[in-house]
Amino acid sequence: MQDISYPINDFGPVIKGMVIGGLGIFHVFLAQFAIGGGMLMCYFQWLAQKGRSAPARRFLDGYFKVLVLVSFVAGALTGVGMWFTTIQISPRTIGVMVEEFHWIWATEWTFFCLEIAAGYAFYRCGKGLTDGARMTLLMLYTVAAWFSLFWINGILSWQLTPGGWTHDRSVWSGFFNPSFWPSLLFRTIVSLTIASLAACVVINAIGAFTREERAELIRRAANCLAPMVLMPLLGVWYLAVIPEDSRSWVQGGSAAMTMFMGISVAASVLIGGYALVGLIWQRLYVSGATATLLLSLAFGATAGGEFVREGVRKPFTVREYLYSNAVKADELAALRRSGGVTADPFPLRNAGAYPTEQLRLGAKVFRFQCSVCHTMSGVNGLTHLAGTWTTEQKRMNIAKLQHTKPFMPPFAGNAEELEALVQLLEWQTAGRPGRWDQSTDRAVIREVQEWLDEAGTAPGTEPHTVGGASPASPDTRQPGKQEGR
Amino acid sequence: MDRMLPFGLPGPTAFYVSLYVATLAVHVVFMNYVLAGVGYLAVASFRGKRKGADGGPVELSDVLRDWMPFATSAAITAGVAPLLFVQILYRKEFYTANLLLFHRWMAILPLLIVGFYLLYLLKTPWIGGQSAVVRGVVALGALACFSFTGLSWTENHLLSTDRASWPGLYERGSMVYYHPQLLPRLGMWAVGAIPTMCALAAWQMYYLQRKGAGVDPRQPRNLARLAIAGVLLSVACGAAYWRQLDASAQGHIVGKAAGPYFAAACFGLVLQVGSWLAHAPRSDFRRQALMVCTLGLALTIAGMTAVREAIRLSVIDVSPLYAQHADAARKGGLVVFVVFFLVNAGLIGWCLCLTRKRSESATVE
């Protein structure tokens, strides 16, 4: 088995998902603005060339400066930041993604280089170029930006729906996975939407336009919102191809997932309704304040959508391959025997705070298995979630974790480690007293081991078979035991 | 290693090491331009007088101020490729160093964003109307952001090669790592950035000169002085760095593994100094001398980047990673990458050609 030990950092009362989620939402919003912005600018350049919109050219040059300042700086650096942040949250996850798809990422990089080159060429020289040269540069910029989405979308959608990759480990089976196309098309429309709404803000912010010119430009920009009518269809397509259990989270199975999905859908409906009825059909004028509000709604929709996309992968970060606590499905059986933290070379930072060796072991188990999604007493804190359980309940629920909550991964350690974690939870719930008795009863360990064996190592998202055997991990089959529920 | 890098390594490892070194060398070119350029702007902003409406003859600071945001963007973009390959080659080491430095490491991202925006601010007409102190503070702010990034990268790199220190550093929760090599190594790369900036800026001024823009005739001499000072200082820092290296690393540098690269880098320095000496007494930039300088620069950067890798390979036992590299090499997508690399490189060239298609009616920015 690979060396799986990395130093694990503590983000205080904040869970790691909030850190990566916060940055991810911000980055996705900026990146999609850059992609949609290219399409929108091609449209305005075409309008200018054909003489269909007198102020289009002036707007375009102003809009492009905003795009460069926002996207080329904050967008590009938050992209690099996503890599660094993912390393902080789950080095094994990003390691798997890079190893599997490094040539895809390298290919995406060549498009990113083209995007930067075409963008800066237009930024520096655009005003003085012929219409043909301007359009060509904008087209190159747009194609490059969209292809960046194309490549990254394949990697991100693979995490939830790895498709044929699960069996053949082919990069292309994983890349062109079941949710690739609906996700790509959906994101393309989202990009156009964000760019159009941002355009309405910029049109109002540029003081050089008359009221009539603004109305004209807003009407043109609103045309790019029309593809939003396809979003419900693409959304349904996406939901249809994701795994059944993931779909169930957003359909009431998880209150948080359902709520965020609702926020995303509601915000999209509001934007779409206003755009289609108000801006396109009624040809209403939109002020800077309203445009900013609509753009903020779009940010909310993006945030909700990204939260759901990340959340519905649970208990995996790569479906059927890597659990959210960075344990590979095929490593579980070995970790059940050897222990999850036996080989961890990194000591505790505050070992002296724990009165017994067993609690120190429990703290290491928490750090290794739980801390990626939970804090001890802060957001999603274990003492809040499990503090009221009896000791016996804690032992059984954690031993059968994937069945206690199907979006939880199976416990990745031995019975002693599980008991140490239970004792840590008890000690924390008791207010961290200075003295604490070690739990040394061998009968308890045997009981925990039985529960671990009953639960097996297959994910809880699969139908619970006797012994919990998983088709994906035949070596993890346990001797058959009757389910004790 | 008893053979010249990367030939002493198994095929997949050698392949990724070569890609890493090649892409890192490209990144270093832009990085050097930005680091040294911002440093120069900081000094020049404090010292320089505000220009009049006519602008006056073109000086180095004008060119740098104009191109610095693009160069920063290019440096960041070019940095993505080596960042990708280092994760294939030294995943465990790189990730662990990232994690150990934690917030200290992650701070480079907001600081790079701040530094980047300060460079745009330096280009605005508004800042041109401000006092030297205000302009200097803005440039100094950008320099501080990029210098912190350079320090953090050096720290990260050294920490990644010092496996023995990992558990202790983690236990202490310290986000600062000090190694005796840190300062001389950082100094060598930082002052070594000056000759790169001088060479690239000289080309820019050469083309401005050809276009008939009024380039300040003192610029060749000033750049020559600056570049030669940069070379001498980097040699001094390099000597200090050498003293901190252990015998094994020193043996790699002058031995079969990296000796040819080290020799090429030294020869490159000689070429650079020679071409700058030829420029020093002149009032214009000469194409032939700049080509010699550029050749020297290419040899120095490529050579030193390879030497850098040889030093790392002398410290890290890379043999357990051979199987991991071989696994990565079996993954699909290489052909697609090569095809799009060529296509997109051609399209980037086309973009440059398109910028020459000036409209007769339009005004030139």
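Begin by selecting A:R360 and A:E357 in this predicted model, where the two side chains meet in a salt bridge with a nitrogen-to-oxygen distance of 3.2 Å. Both residues belong to helix α14 of chain A, which covers residues 357–370, and they sit three residues apart, or about one turn of the helix. With a surface display switched on, A:R360 shows up as partly exposed at a relative accessible area of 22%, whereas A:E357 counts as exposed at 53%.

Next, select A:E454 together with A:K400, whose side chains also form a salt bridge, here with 2.7 Å from N to O. A:E454 lies in helix α19 (residues 442–455) of chain A and A:K400 in the loop between α16 (391–399) and α17 (401–404), so this pair ties together parts of the chain that are 54 residues apart in sequence. Both A:E454 and A:K400 are buried.

Now move to A:D61 and A:R134, a salt bridge in which the closest N and O atoms are 3.3 Å apart. Because A:D61 lies in helix α2 (residues 56–89) and A:R134 in helix α4 (residues 131–160), both of chain A, the pair ties together parts that are 73 residues apart in sequence. A:D61 is buried, and A:R134 is buried as well.

To see several charged side chains joined up, select A:R187, A:E306, A:R309, A:E310 and A:R313, which are linked in a network of salt bridges. Over all chains, the count of salt bridges comes to 31.

From the charged groups, turn to the nonpolar interior. Select A:F44, A:F59, A:Y63, A:F84 and B:W276, the residues that touch the most other members of the largest nonpolar core, which holds 209 residues. Helix α3 of chain A (residues 91–125) gives the most to this core, contributing 21 residues. Keep A:Y63 selected and show its surroundings: leaving aside residues up to four places away in sequence, A:Y63 touches A:F33, A:G37, A:L40, A:M41, A:A195, A:A198, A:A199 and A:V202. A second core, separate from the largest one, has 34 residues, and A:V327, A:C370, A:L382 and A:W427 are among them.

For nonpolar side chains on the outside, go to chain B and select B:F15, B:L334, B:V338, B:F341 and B:L342, which form a nonpolar patch on the surface with about 420 Å² of accessible area together. Helix α15 of chain B (residues 334–354) gives the most to this patch, with four residues. One residue of that helix to centre on is B:F341, which is partly exposed with a relative accessible area of 38%. In soluble globular proteins, nonpolar side chains tend to be buried together.

Finish with the cysteines, and ask how many disulfides the whole structure contains. The search over all chains finds zero. Selecting A:C125 shows a sulfur that is 11 Å from the closest cysteine sulfur, the one in B:C351, which is too far for a bond; A:C125 is buried, at a relative accessible area of 12%. The sulfur of A:C200 lies 9.6 Å from its closest cysteine sulfur, in A:C224, and this too is too far for a bond, while A:C200 itself is buried with a relative accessible area of 2%.

Terms used: Residues are numbered from 1 along each chain as its sequence is written. Chains are lettered from A and ligands numbered from 1 in the order in which they are written. This is a predicted model: local features need pLDDT of at least 70, side-chain atom pairs count only at pLDDT 80 or more; totals for chains, interfaces and linings use all residues. Side-chain values use heavy atoms; hydrogens and water are left out. A nonpolar core is a set of buried Ala, Val, Leu, Ile, Met, Phe, Trp, Tyr and Cys residues joined through side-chain atoms within 4.5 Å. Buried means under 20% relative accessible area, exposed over 50%, partly exposed in between (1.4 Å probe, protein chains only). Helices (H or I, at least four residues) and strands (E, at least two) are DSSP runs, numbered from the N terminus. Contact means heavy atoms within 4.5 Å. A salt bridge is a side-chain nitrogen of Lys or Arg within 4 Å of a carboxyl oxygen of Asp or Glu. Patches are made of residues with over 30% relative accessible area and no salt bridge: like charges are joined within 9 Å, nonpolar side chains (Val, Leu, Ile, Met, Phe, Trp, Tyr) within 5 Å. Accessible areas come from the Shrake-Rupley method with a 1.4 Å probe; for residues, only the protein chains shown count as cover. A disulfide is a pair of cysteine sulfur atoms within 2.5 Å.
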